[in-house]
Amino acid sequence: MRAVAVKELKGRPEVVDVPRPEPGEGEVLVRVEAAGLNPLDWKIADGMLEGALPYAFPMVMGVDFAGVVEDGGPQARRFRPGDAVYGQVVSEPVGGGTYAEYVVVEEAGSIAGVPASVPTTVAAGAPTAGMTALDIVRAAALREYESLLVIGAAGGVGTFLTQFAAAHDMRVIASTHGHDQRRMAAFGAAVTIDAKEHSMVDAVREEYPDGVDALVDLASPTAAEFAANAALVRDGGVALTTVGVADPDAQYAKGVEGINFQLSASAELLDRLGQEIDSGRVVVPIENEVPLDQAPDAVARARAGGSRGKTVFIP
Ligand SMILES: NC(=O)c1ccc[n+]([C@@H]2O[C@H](COP(=O)([O-])OP(=O)(O)OC[C@H]3O[C@@H](n4cnc5c(N)ncnc54)[C@H](OP(=O)(O)O)[C@@H]3O)[C@@H](O)[C@H]2O)c1
């Protein structure tokens, strides 16, 4: 089958021909109709899971998928051939990714029926970013707060999070890297700050001299940058990063400890995400549908920056 893989850690993604995987016990074979692009894909290809899990090369990239169950291995009972499914998969050994015509998924893993209201090409953009945003609402107890500053709001997680927070009547201040005002307003942001053109810190301080209630930082790569953003949170508020740069010993404001959020993907979370999509409370922000053969270039572009919403690859 055709797939997009790296032949070594930090290697260049390329289109390859690899054997079609076989489902083992408790696993299903899914014919991939679309695979979603996430920064996690190149982080894994660069060795993020080294030491935690073995890798197999060529390492087929990708974790998000949507498609149709083709076959089941022994003891696979949750799904039947023909079921439309979506989810997130990290294989062991790492390398059985979703940038491929087929992927094998454990039935007990993060796989669920595709939300009925959207085609698989749209559903494939939802699992990682949508589950992350949904779970951040819980982890940061966002419903208790009124104002939310989102750094990196225009990307995959940020676009989902802005919609969820706005649906809970939060006032979202979206910080982006570009002219995203109209797009983010459509997703429910009250204010959008282009951090390349304006001082985000000054803009937030002017409106919230005592600080915002909550910060979700999806972008700052260093502890110092996260701390500078967390200084915009009021006493007793909450500050969370998805990039793991919060210092567990730091007090960012009175009563504010930084949360290093880590997604625990699950079928239950996917089901809840599906309900949010089907209810119309959240739209899967698909920006690009790209043929799988062009995935290597699309990954290189995404790595260089400028991502908006979600990109999906079509085998
Ligand atoms: N811990 C977890 O469980 C977990 C789960 C999901 C995601 N993540 C991580 O969370 C991060 C975000 O994920 P994603 O899928 O949303 O990524 P994404 O789609 O690439 O979006 C990131 C967005 O942030 C923008 N950005 C970067 N620096 C910025 C800044 N200083 N101010 C404002 N905007 C800025 C980017 O724009 P430019 O490219 O134009 O700068 C881009 O629009 C990634 O590092 C991902 O790996 C972690």
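1. In this predicted model, the side chain of Thr 242 places an N or O atom 2.8 Å from an oxygen atom of the ligand. Gln 262 also approaches the ligand through its side chain, with a polar atom 3.3 Å from a ligand oxygen. At Leu 263 the backbone takes this role: one of its polar atoms is 2.8 Å from an oxygen atom of the ligand. Taken alone, the ligand has 930 Å² of accessible area, and the protein covers 82% of it.

2. Which elements give two or more residues to the shell around the ligand? They are the helices α1 (39-45) and α4 (156-167), together with the strand β11 (171-176).

3. The ligand is surrounded by 21 residues. Leu 263, already noted for its backbone contact, is among the closest, as are Lys 43, His 177, Gly 306 and Ser 307.

4. By residue class, the shell around the ligand holds twelve polar residues, seven nonpolar residues and two charged residues.

5. Two domains take part in the shell around the ligand: domain 1 (2-127 + 267-314) and domain 2 (141-260) each supply at least three residues.

6. As for annotation, an unreviewed UniProt entry assigns the feature "domain: Enoyl reductase (ER)" to residues 11-313. In the model, this span is 27% helix and 29% strand. The C-alpha atoms at the two ends of the span lie 20 Å apart.

Terms used:
Residues numbered from 1 in each chain as written. Predicted model: local features only at pLDDT ≥ 70, side-chain atom pairs only at ≥ 80, totals over all residues. Heavy atoms only, no water. Near = heavy atom within 4 Å. Polar contact = N/O pair within 3.5 Å; in protein donor to acceptor, adjacent residues only side chain to side chain. Areas by Shrake-Rupley, 256 points an atom, 1.4 Å probe, with all protein chains shown as cover. Helix = DSSP H or I, 4+ residues; strand = E, 2+ residues; numbered from the N terminus. Nonpolar A, V, L, I, M, F, W, Y, C, P; charged D, E, K, R; others polar. Domains from an automatic or database assignment. UniProt positions renumbered as here; feature names shortened; annotations may be inferred.
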